[in-house]
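Open the model in your viewer and keep the selection tool at hand. The stops below go from one residue outward to the whole chain.

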Amino acid sequence: RRKWRRVLGVLAELEERCATPVGKLKQVVDAMAVEMHAGLASEGGSKLKMLLTFVDRLPSGSEKGTYYALDVGGTNFRILRVQLGGQRSSILEPHVEQQAVPAHVMTSTSENLFDLIASALKEFVDRGEDGSKTLVSRRGELGFTFSFPVKQRSVSSGILIKCTKGLHIEDMVRREVTECLEQAMSRKRLNMRVAVLVNDTVGTLALGHYHDEDTVAAVIFGTGTNACYWERTDAIIKCQGLLTTFGGMVINMEWGNFWSSHFPSTSYDTDLDSHSSSPNDQGFEKMISGMYLGEAVRRVLLRMSRESDIFGTVPSRLSVPFIFSLTGLMNATEFHGIPLFNFRIPMISAMHEDDSPELIEVARILEDDLEIPDVPLKVRKLIVKLCNVVTRRAARLAAAGIVGILKKIGRDGSGGITGGRTRSDVKMRRTVVAIEGSLYTSYTMFREYLHEALWEILGEDIAPHVILKVIEDGPGIGAALLAATYSKDS
Ligand code: ADP
């Protein structure tokens with residue numbers, strides 16, 4: 001029928017626009033390397049901020065002693081303690097405690113927020129290893145992961161640039177974050193020093209490097225996305241003369257803001273961007289991160305539904321922004337005796353990964369979560385295809401981003417951005433990229449498409465030397481490790 005043909009036309013056009021042949025991906029790789037270069041050349045020289053972290057040493061495995069970490073990044077904060085024995089241990093067993101920040105505190109004053117955190121820290125420290133009260137005499141050292149935009153002044157200090165993600169405390173903007181915490185700790189009579197102030201990707205790189213010294217970069221694929229990597233000091237042109245360190249430094253790329261004219265962008269992406277809370281910003285993030293994947297799918301489905309009668313009248317829930325980024329219930333109530341009612345995964349992957357021939361899970365999500373009953377099988381198949389197009393594009397662009405970093409540091413087998421050398425005279429070194437985030441760890445299709453594209457771009461001679469390693473709890477444990485690296489004792 002004509003209307004069905006129109007729906008197929010919408011899908012075909014989308015597939016064509018979202019195509020990411022390896023030639024296009026290589027253009028994105030080059031663009032990433034070029035933008036990185038520009039962002040390092042001058043402040044504001046690129047959409048990539050390429051922020052200095054002042055982390056010029058990474059954990060080596062020889063760290064010793066007890067260290068703490070505090071991870072603040074949203075509506076929860078976490079406190080950890082790790083004990084390091086001086087010999088790299090493959091399993092670090094931290095003591096962890098998590099607490100929610102009540103909504104009214106997230107919007108009150110910095111004193112209220114940090115008093116709450118410092119009290120919890122004090123209790124945690126006082127309780128000691130075995131839960132009994134201990135007398136702590138030595139000054140504790142803390143790695144502080146604060147995942148909001150911070151302009152770093154030194155490895156342990158920086159000012160908050162702006163409030164994001166539910167944090168609305170006006171008196172904190174442009175304040176020294178570490179100072180706020182240290183003042184609260186002294187109000188609570190907690191003898192603790194902030195040894196490092198980092199963002200979450202840097203923690204992941206630190207933990208990755210602790211386990212494996214060939215780790216050169218860390219990438220997070222979750223609700224949002226970001227990356228950091230180890231850069232040689234002489235390549236950080238914008239700070240020549242200011243940096244006293246030899247060797248290198250970790251650069252926080254803020255890569256979510258990357259944009260290239262080579263992106264396979266569609267009208268749906270343009271609309272998504274203009275209706276978002278940050279138009280013209282975070283372009284790469286809007287193409288690849290967990291928060292936006294489902295939203296692109298929703299926009300296409302809404303258009304299909306308006307142009308045809310695949311769902312009868314246009315279902316009202318399809319008009320709810322970000323409904324696909326919320327979660328759908330898994331098609332099981334029990335797994336090895338564990339009730340799964342409350343296990344929620346986002347609709348896009350639940351539908352995409354429905355491997356039942358009749359697409360039962362897709363039908364169930366449409367009916368229960370989107371309130372669209374009795375959708376015929378051929379439409380359900382179309383929806384799965386749609387999820388596939390969007391996720392495949394995201395994963396392949398993500399792979400190109402990773403290779404862009406490798407290219408910038410000369411680990412893509414091509415001899416680096418300045419070139420000069422040919423493939424054959426470069427001996428490719430083993431290169432590890434630490435990865436964190438459940439978009440990568442939980443969404444199998446995303447992960448597989450990413451790996452596939454990585455191989456296509458790098459080729460089979462180089463690809464085996466590049467290892468993506470999942471790192472868990474980098475923002476916590478990694479920060480404690482950095483506290484050890486930057487300890488007064490070391
Ligand atoms: P964070 O919110 O700190 O990034 P995570 O790394 O756990 O935390 O990422 C959570 C996000 O990852 C979710 O918001 C969702 O977008 C995405 N995500 C998690 N699990 C899945 C999944 N199975 N399929 C698709 N996306 C997922």
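Select L397 first. This is a predicted model, and in it L397 is buried, because 25 other C-beta atoms lie within 10 Å and 20 are enough to count as buried. L397 sits in helix α12.

Now show what L397 touches. Leaving aside neighbours within four places in sequence, its contacts are T20, V28, M287 and I288. Draw a distance from L397 to I288, C-alpha to C-alpha: it reads 7.2 Å, although 109 residues separate the two in sequence.

**The core**

Colour helix α12, residues 377-408. Which nonpolar core does this helix serve? It gives 16 residues to the largest one, the most of any contributor. That core has 145 residues in total. At least three of them come from domain 1 (1-53 + 212-472), and at least three from domain 2 (54-198). Nonpolar side chains tend to be buried together in soluble globular proteins.

Which residues have the most contacts inside this core? Select A480 and A483. Then stay on A483 and expand the selection to its contacts. Not counting residues up to four places away in sequence, A483 touches Y67, Y68, A69, E141, L142, G143, A195 and V196.

**The ligand**

Centre on the ligand and show its shell. The shell holds 13 residues, and the closest are G222, T223, G290, S349 and S442. Colour the shell by class: 8 residues are polar, 5 are nonpolar and none is charged.

Which element supplies the largest share? Helix α13 does, with 3 residues. Highlight α13 (438-442) together with α9 (290-307) and β15 (344-346); each of these supplies at least two residues of the shell.

**Helix α11**

Move to α11, residues 360-369. Its buried residues are E361, V362, A363, I365 and L366. Step just past the end of the helix to E371, where phi is positive, about 55°.

**The whole protein**

Zoom out and switch to cartoon. You should count 15 helices and 17 strands. The C-alpha trace spans about 80 × 55 × 45 Å along its principal axes. Is the radius of gyration what a compact globule would have, or what else? For 490 residues such a globule would come near 23 Å, and the protein has 24 Å, which agrees.

Finish by colouring for burial. Of the 490 residues, 46% count as buried. Then turn to the contacts with a sequence separation of 6 or more: 70% of them join residues 24 or more positions apart.

How values were computed:
Residues are numbered from 1 along each chain as its sequence is written. A nonpolar core is a set of buried Ala, Val, Leu, Ile, Met, Phe, Trp, Tyr and Cys residues joined through C-beta atoms within 7 Å. A residue is buried if 20 or more other C-beta atoms lie within 10 Å of its own, exposed if 12 or fewer, and partly exposed in between; C-beta atoms are placed from the backbone. Helices (H or I, at least four residues) and strands (E, at least two) are DSSP runs, numbered from the N terminus. Domain bounds come from an automatic or database domain assignment. Two residues are in contact if their C-beta atoms, placed from the backbone, lie within 7 Å. A residue is near a molecule or strand if its C-beta atom, placed from the backbone, lies within 6 Å of it. Ala, Val, Leu, Ile, Met, Phe, Trp, Tyr, Cys and Pro count as nonpolar, Asp, Glu, Lys and Arg as charged, and the others, Gly among them, as polar. The radius of gyration is taken over C-alpha atoms; the globule rule is 2.2 Å times the number of residues to the power 0.38.
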